[in-house]
Amino acid sequence: MASIIHSFEWLSLFFLITSLCSSAFKIPRLGTVRRSIERSPQTMSSSQFPEDIETFYYTQRLDHFNYRPDSYTTFQQRYMINSKYWGGAKLNAPIFAFFGAEESMDDAIYYIGFLRDKAPHFNALNVYIEHRYYGKSIPFGSSEEAMRNASTRGYFNSAQALADYAAVLLHIKKTFSAQNSPIIVIGGSYGGMLASWFRLKYPHIALGALASSAPILYFNGIAPQAGYYHVVTNDFKETSESCYQTIRKSWSEIKRVAKNLNGLSILSKRFKTCKKLSKSFELEDYLDSIYTGAAQYNDPPVNVICDAIDAAAKKTDVLGQIFEGVIASMQNRTCYDIDEFNHPTQSGLGWRWQTCSEIVMPIGHDRSDSMFLPAPFDMKEYVNKCSNLYGVLPQPHWVTTYYGGQDLKLVLYKFASNIIFSNGLRDPYSSGGVLESISNSLIAVSSVNGSHCEDIHPEKPSDPQWLISMRNTEVKIIKRWIEDYEADLALIKYKKVQAPKPQN
């Protein structure tokens, strides 16, 4: 009977989150690659991973910060290792550790190429650690149990995740007798935030961090609320002024048609929706996801959508042009699932909890030149909806309290070191990223052409020169960190040898 009740609670949470996604309650997804039902990679078993990858499970503590009996409950946390290129502990060869974010490691391990592409150059041991509550690293036995109530979800936060990573990395160092092997942590998007925060919180474990497309300033009013959508607007406007104007006009046209008798039926037919629209916002939200996804991930490139919209100008009206853009983005289908980007998945449910608890990024659009209709972020409404959904209040100030962010240059200039903040400036989340170097070792690497996490994606023969240069810059910086570490280690060993021996 209890399992039936739990299943009902789980389904109720699914439907509640789906309904929230269909309201003015939208924080664009992070993640190293674009996600949707149609585009999600097929989940693969560990036996299907590349042959050089070995999968392990670490017995992880549920709660790192309390001493209650239930804090010592454990779960199995998945991590993977590729030792093919490792130079070994005797040579103090480095360890590259990728921090999993709001997704299964089954997916991430294929999309993250920086580690496997650069491991031969550094003779590095590659480690991939899955984030708690995602993939197969689930406390309480199942996702249903783990997300069932506020008590079980309470252990699902970034601080616990960082402590997990610390425990796994120390375990790996011990297992491989690699005490003097320096660790470089790497992450993209939310994982990039984790990598930068880990270097700040655990400098005794990580020598340095590569934080790709990490919007660590999109909290507590540091970055402008409209920054994300301002970049999206600029991406489209710079690609095609006429495309930008058409999209801008389309919102009022959608609303005008929707108000007519059978207006929603007309819109449903014109956009070939798989189910009839119940309100115009469903279509508006779907289009929003297409446009932001193109700008953020270059998938498809913005020019593909704009070329289709502009090419249709002489043969159809505004809504017809917009539909041509949908076809260009999502390919020609018999119908289009307007809930495609909002279907509840393990990743989506987990991320909704995280953004309703601590990862509160106040993203809205209210600029007069925006491509989108005004929709300023309403913190009061956001708090109320999160409270109704989960029964807890979000803590919008916690990230900057715990990790910092305010007066970043002043604070980190003397305090921190060895972090690369990389950003592509066509990525809307770059508006919340660190775009200027803070010191000689807190370095911003950016490109006006780049998209979200593009620098840590697998290398391809077709990569443009700016992307090759960006990666080469990152490699040079990491190489310098390791050389400095090796010099310091040699000096310490020399001093120990030269130190006078105590007299009997």
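Here are some exercises with worked solutions on the predicted model shown above.

Before you start, note that residues are numbered from 1 along each chain as its sequence is written, and that side-chain values use heavy atoms, with hydrogens and water left out. Because the model is predicted, local features need pLDDT of at least 70 and side-chain atom pairs count only at pLDDT 80 or more, while totals for chains, interfaces and linings use all residues.

**Exercise 1. Disulfides**

Find how many disulfides the model has, and describe where each one sits.

*Solution*

Step 1. Start with the chemistry: a disulfide is a covalent bond between the sulfur atoms of two cysteines. Here, a pair of cysteine sulfur atoms within 2.5 Å is taken as a disulfide. The count by this rule is 3.

Step 2. Take Cys 243 and Cys 306, whose sulfur atoms are 2.2 Å apart. The torsion about their S-S bond is about -75°, so this disulfide is left-handed. Cys 243 belongs to helix H9 (residues 241–259) and Cys 306 to helix H12 (residues 302–311), and the two cysteines are 63 residues apart. Helices (H or I, at least four residues) and strands (E, at least two) are DSSP runs, numbered from the N terminus. Cys 243 and Cys 306 are both buried. Buried means under 20% relative accessible area, exposed means over 50%, and partly exposed lies in between (1.4 Å probe, protein chains only).

Step 3. Move on to Cys 274 and Cys 335, with 2.1 Å between their sulfur atoms. Their S-S torsion is about 90°, so this disulfide is right-handed. Cys 274 is in the loop between helix H10 (263–270) and H11, and Cys 335 is in the loop between H13 and helix H14 (346–357), so the pair ties together parts 61 residues apart in sequence. Cys 274 is partly exposed because its relative accessible area is 41%, and Cys 335 is partly exposed because its value is 28%.

Step 4. Finish with Cys 356 and Cys 386, where the sulfur atoms are 2.0 Å apart. This link has -80° about the S-S bond and is left-handed. It joins helix H14, which holds Cys 356, to helix H15 (residues 379–390), which holds Cys 386, across 30 residues. Both of these cysteines are buried.

Step 5. Number the bonded cysteines in sequence order, and the pairing reads 1-3, 2-4, 5-6.

**Exercise 2. Helix H11**

Work out how the span of helix H11 compares with the expected span, and whether H11 is mostly covered or uncovered.

*Solution*

Step 1. Helix H11 (residues 280–297) has 18 residues. The expected span of a helix is 1.5 Å times one less than its number of residues. H11 reaches 26 Å from its first C-alpha to its last, close to the 26 Å expected.

Step 2. Check the cover: 17 of the 18 residues of H11 are buried, so the helix counts as mostly covered.

Step 3. Look at one member, Asp 288. It is buried because its relative accessibility is 7%. Contact means heavy atoms within 4.5 Å. Leaving out residues up to four places away in sequence, Asp 288 touches Lys 26, Tyr 229, Trp 251, His 365 and Phe 372.

**Exercise 3. A buried isoleucine**

Describe the surroundings of Ile 322.

*Solution*

Step 1. Place the residue: Ile 322 is in helix H13 (residues 318–330). With a relative accessible area of 1%, Ile 322 is buried.

Step 2. List its contacts. Not counting residues up to four places away in sequence, Ile 322 touches Thr 246, Ile 247, Ser 250, Phe 271, Leu 287, Tyr 291 and Ile 309.

Step 3. Compare sequence with space: Ala 308 is 14 residues from Ile 322 in sequence, and their C-alpha atoms are 8.5 Å apart.

**Exercise 4. Unusual backbone angles**

Which residues have a positive phi although they are not glycine, and where is a peptide bond cis?

*Solution*

Step 1. Recall the background: most residues other than glycine have a negative phi, and most peptide bonds are trans.

Step 2. One such residue is Ser 177, with a phi of about 50°. Ser 177 lies in the loop between helix H6 (158–175) and strand E5 (183–188), and counts as exposed at 58% relative accessibility.

Step 3. Another is Cys 453, with a phi of about 60°. Cys 453 is in the loop between E8 and helix H18 (465–498), and is buried at 0%.

Step 4. Asn 298, which follows H11, also has a positive phi, near 55°.

Step 5. The peptide bond from Asp 299 to Pro 300 is cis, with omega near -5°. Pro 300 is in the loop between H11 and H12.
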